[in-house]
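Open the model in your viewer and keep the sequence panel beside it. This tour moves from the whole chain to single residues, one selection at a time.

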Amino acid sequence: MDYEFTHQPSYTHLIVTLEPGESVIAEPGAMVGHSANVSMDTGTSRDGLLSSAKSLLGGESAFANEFTAEDEPGTVTFAPPSPGDIMPHELRDETLYSTDGAFLAATEGIDIDSEIGGLKSMLGEASVTPLALKGTGTAFIDAYGGLEKLELPAGESYVLDNEHLIAWDDEVDYSVRRVGNLKSTLLSGEGLVFEFTGPGTAWYQTRDMDALVSVLAPRLPSDN
């Protein structure tokens, strides 16, 4: 399988070229188009791909679209729902964690699971459900806005807002906490943060969708 990106970095397309019999899986709604010889199948599981009934996209959808080239090579084009960039991440019997909504697509050999022990229950009230992308293959993660890589040496820490965080590897240590008490959280506009400690890597997006919504909401027509 080969892939390329077009229209980077603001409106990135992912174009995947599949050899006969090869497949790629993607979140619902990610497909832009595909070759006539590529078939699409929608299901809730594929060879253990989904480890729980609501795993894909952190519970946003229990379905996945699988695209397979039939008797000759074919292409599939994907695009994320918001303007921004896409990153590939190669896994070799490893795990990459991504926040819900940041997963775009993955090649064969990647299992997706949202059951991440205590972290899931800890973040449940904040509606944050990280995905664990496990195995060997390529995972594609999308960002709203630009995409930044944060590489931390051993012992160095950095705090990221949960609305900007999109992914982190399985080497970096992390903890999750709220900023201040309820009053300060409401007044500051900040809420949940991740603190990462190296060695390891995290990735974040340069824009916050919730912040955009808060700016647009007062300007939208109202029935009142």
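Start with the whole protein, coloured by burial. This is a predicted model. The protein has 224 residues, and 45% of them count as buried. Its accessible surface comes to about 11,200 Å². Carbon and sulfur atoms account for 49% of that surface.

Switch to a cartoon. There are 17 strands and 3 helices. Now think about contacts between residues at least 6 apart in sequence. Of these, 80% join residues at least 24 apart.

**Stop 1: the nonpolar cores**

Select Leu96, Leu133, Ile141 and Ile166. These belong to the largest nonpolar core, which has 18 residues, and they touch the most other members. Next, show the strands that feed this core. Strands S8 (86-98), S9 (103-107), S10 (110-113), S11 (131-142) and S14 (165-169) each supply at least two of its residues. Which strand gives the largest share of this core? It is S11, with 4 residues.

Centre on Ile141 and leave aside its neighbours within four places in sequence. Its contacts then include Asp85, Ile86, Met87 and Leu96. Ser98, Ala102 and Phe103 are also in contact with Ile141. So are Leu133, Leu147 and Ile166.

Now move to another selection: Leu14, Leu18, Ala30 and Val76. These are among the residues of a second, separate core of 15 residues.

**Stop 2: the aromatic rings**

Show the side chains of Phe, Tyr and Trp. The whole structure contains 11 aromatic pairs. Zoom in on Tyr97 and Trp168. Why does this pair count as stacked? The ring centres are 5.6 Å apart and the planes meet at 25°, so the pair is stacked. The two residues sit in distant parts of the chain: Tyr97 is in strand S8, Trp168 is in strand S14, and 71 residues separate them. Are they buried or exposed? Both Tyr97 and Trp168 are buried.

Widen the selection to Tyr174, Phe194 and Phe196. Ring pairs link these three with Tyr97 and Trp168 into a cluster.

**Stop 3: the salt bridges**

Show charged side chains. The structure holds 3 salt bridges.

- Select Arg177 and Glu195. Their closest N and O atoms are 2.8 Å apart. This salt bridge links distant parts of the chain, from Arg177 in strand S15 (residues 173-178) to Glu195 in strand S16, 18 residues apart. Arg177 is partly exposed at 40% relative accessible area, and Glu195 is partly exposed at 24%.
- Select Glu90 and Arg92. In this salt bridge the closest N and O atoms are 3.8 Å apart. Glu90 is partly exposed at 36% relative accessibility, whereas Arg92 is exposed at 54%.
- Select Lys149 and Glu151. Their side chains form a salt bridge, at 3.9 Å from N to O. Glu151 is exposed, with a relative accessible area of 56%.

**Stop 4: a nonpolar patch on the surface**

Turn on the surface. Select Met209, Leu212, Val213, Val215, Leu216 and Leu220. Together they make a nonpolar surface patch of about 490 Å². Pick out Val213, which is found in helix H3 (residues 209-216). Val213 has 46% relative accessibility and counts as partly exposed.

**Stop 5: backbone details**

Hide the surface and show the backbone. Go to the loop between strand S1 (2-6) and strand S2 (13-18), where Pro9 lies. A cis peptide bond joins Gln8 and Pro9, with omega of about -5°. His7 is found in the loop between S1 and S2 as well. What is unusual to check in the phi of His7? Phi is near 65°, a positive value in a residue other than glycine. His7 is exposed, with a relative accessible area of 54%.

Jump to the loop between strand S16 (192-197) and strand S17 (200-205), where Pro199 is found. The peptide bond from Gly198 to Pro199 is cis, with omega near 10°.

Finish at Asp93, in strand S8. Phi of Asp93 is near 55°, a positive value in a residue other than glycine. Asp93 counts as exposed, at 69% relative accessibility.

How values were computed: Residues are numbered from 1 along each chain as its sequence is written. This is a predicted model: local features need pLDDT of at least 70, side-chain atom pairs count only at pLDDT 80 or more; totals for chains, interfaces and linings use all residues. Side-chain values use heavy atoms; hydrogens and water are left out. A nonpolar core is a set of buried Ala, Val, Leu, Ile, Met, Phe, Trp, Tyr and Cys residues joined through side-chain atoms within 4.5 Å. Buried means under 20% relative accessible area, exposed over 50%, partly exposed in between (1.4 Å probe, protein chains only). Contact means heavy atoms within 4.5 Å. Rings of Phe, Tyr and Trp (its six-membered ring) pair if their centres lie within 6.5 Å; planes under 30 degrees apart count as stacked, over 60 as edge-to-face and the rest as tilted. Patches are made of residues with over 30% relative accessible area and no salt bridge: like charges are joined within 9 Å, nonpolar side chains (Val, Leu, Ile, Met, Phe, Trp, Tyr) within 5 Å. Accessible areas come from the Shrake-Rupley method with a 1.4 Å probe; for residues, only the protein chains shown count as cover. A salt bridge is a side-chain nitrogen of Lys or Arg within 4 Å of a carboxyl oxygen of Asp or Glu.
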